[in-house]
Amino acid sequence: PLPARGATMMGMQPQVVLLREGADASQGKPQLVSNINAVAAVADIVRTTLGPRGMDKLIHTDSKVVVSNDGATIVKALDIVHPAAQTMVDIAKSQDNEAGDGTTSVVVLASEFLKEAKQYVEEGVHPQIIIKSYREASRLAIEKLKEWSIDISRQDEGEKRDLLIRCAATSLNSKLISHQKDFFAPIVVDAVLSLDEDLPLDMIGIKKVPGGTLEDSFLVKGVAFKKTFSYAGFEQQPKKFDHPKVCMLNVELELKSEKENAEIRLTDPEQYQSIVDAEWNIIYEKLEKIVKSGAKVVLSRLAIGDLATQYFADRNIFCAGRVPDEDMRRVVKACGGAVQTSIHNLSPDVIGSCGKFEEIQIGDERYNIFSDCPEGKTT
């Protein structure tokens, strides 16, 4: 006899596969203990780097060798595969992005919290109860911190700056430049205080020049970037201006062959010269409009060729082509104005200005420095 329809349907019900072949599923108390042990292993690696007497770690990978005592740098360099231990890497990255310091501390603290909870997990306490207790402890800790906190809103700017310098010096205690913390702490504080209220850290440019000592470092309240590639005629341009206007472009100022295969058919040989003259007239028209704008410093993200370089030199104008995008954004922020993609609308509101521009020698490199900027929101 044939089986009943319902029985046939139940017997043929397909199996639901939730995991890929070879995947492993683990849950319950043993897995929780395993997660805690994995986190503790990561914390033990970075624990010895904590504090002013912390030691550096040397991590060798296939491509490079990393020597650091920074918690975020170390955990990023580690090849961690355990998913619970990987959360320690995420915690360090988040702390580094939000505060820029304390990466080792958060990893060690998280490990200690879990280590204290381990005995309760082994005794069968439900994880939700443990989490509830952590949240209550967090609330009590925040209340205590608020009770101990010092209100600095009523202090004058000088007292605030002194307090920030002490905080910066404390965070530098565990860094390689700890012996020069009294020199670098005021530089760091002044750099941050010069920014907008939302503190866009990309407006702080850090330039590295080989040679010299650490104390040769200095802060530029404005913008500084390395001298760009230049053509013949650049040496004839003036390298110092007081209160110059600054023109910022995203335009190529040089004669170039067509990017695509171009073909022109002529019926009269005399027409050839008119076509050649047209190319020259176009670039000369661009250069003339830039000169008429009154700008004494011309910057462009794209190339400024030898013709334009010599043209500007003859008119006592400084120019720099192929300026990196991050440096150009800082110049716009500090000097005002806007980057123009066309020469045909160089109105006064898109031309920036600064109190002083100069090109100076720093070590073996030459740097273009804009200082005393009206906006003054970059360093």
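This is a walk through two sheets, the helix that lies across strands of both, a cavity, and a few individual residues. Keep in mind that the model is predicted.

Let's start with the sheets. Strands of a sheet pair through backbone hydrogen bonds, either parallel or antiparallel. Both options matter here, as you'll see.

One sheet is open, has 4 strands and follows the order 7-6-5-8, with mixed pairing. Its edges are strand 7, covering residues 318-320, and strand 8, covering 352-353, and each of these pairs on one side only. If you want a place to look at the pairing up close, go to strand 6, residues 297-300: this strand runs parallel to strand 7, and 3 bridges join the two. For a particular pair of residues, pick out V297, which stands opposite F318 in strand 7.

The other sheet is open too, again with 4 strands, but here the order is 3-10-9-4 and the pairing is antiparallel. At the edges you'll find strand 3 (222-226) and strand 4 (240-242), each pairing on one side only. Going from one strand to the next, the twist averages 25 degrees. Strand 3 runs antiparallel to strand 10, which spans residues 365-371, and 5 bridges hold up that pairing. Among the partners, V223 has F370 of strand 10 as its bridge partner.

So far the sheets have been treated one by one. Which helix lies across strand 3 and strand 10? That's helix 11, which runs at about 155 degrees to strand 3. Now follow helix 11, residues 325-335, to the mixed sheet: it also lies across strand 5 (245-249), strand 6 and strand 8, and it runs at about 145 degrees to strand 5. In other words, helix 11 lies across strands of the mixed sheet and across strands of the antiparallel one.

Next, the empty space. Rolling a probe the size of a water molecule over the atoms shows where empty space is left. With a threshold of 30 Å³ or more, the count comes to 1 cavity. The largest cavity holds about 60 Å³ of space. Its lining is made up of F229, S230, Y231, F234, A303, I304, T309, C319, A320, G321 and R322. Sorted by class, that lining comes to 7 nonpolar, 3 polar and 1 charged residues. Two of the names should ring a bell if you followed the mixed sheet: C319 and A320 are among the lining residues, and strand 7 covers 318-320.

Now for some backbone details. H243 has a phi near 55 degrees, a positive value in a residue other than glycine. You'll find H243 in the loop between strand 4 and strand 5. Is H243 buried or exposed? It counts as exposed, because its relative accessibility is 67% and the cut-off for exposed is over 50%.

D372 has a phi near 55 degrees too, a positive value in a residue other than glycine. D372 sits in the segment after strand 10. With a relative accessible area of 58%, D372 is exposed.

S194 is another story. It is located in the loop between helix 8 (181-193) and strand 3. Its relative accessibility is 13%, so S194 counts as buried, the limit being under 20%. What does S194 touch, leaving aside its neighbours within four places in sequence? The contacts are G376, K377, T378 and T379.

Conventions. Residues are numbered from 1 along each chain as its sequence is written. This is a predicted model: local features need pLDDT of at least 70, side-chain atom pairs count only at pLDDT 80 or more; totals for chains, interfaces and linings use all residues. Side-chain values use heavy atoms; hydrogens and water are left out. Two strands pair if DSSP finds at least two bridges between them. Contact means heavy atoms within 4.5 Å. Axes are lines fitted to C-alpha atoms, for helices over the stretch in contact, and angles run from 0 to 180 degrees between N-to-C directions. On a 1 Å grid over the protein atoms alone, a cavity is a set of points where a 1.4 Å probe fits but cannot get out, and a pocket is an open set with protein on both sides within 12 Å along at least five of seven lines; lining residues have an atom within 4 Å of a point. Grid points are joined across faces, edges and corners, and a volume is the space filled by probe spheres set on the points. Ala, Val, Leu, Ile, Met, Phe, Trp, Tyr, Cys and Pro count as nonpolar, Asp, Glu, Lys and Arg as charged, and the others, Gly among them, as polar. Buried means under 20% relative accessible area, exposed over 50%, partly exposed in between (1.4 Å probe, protein chains only).
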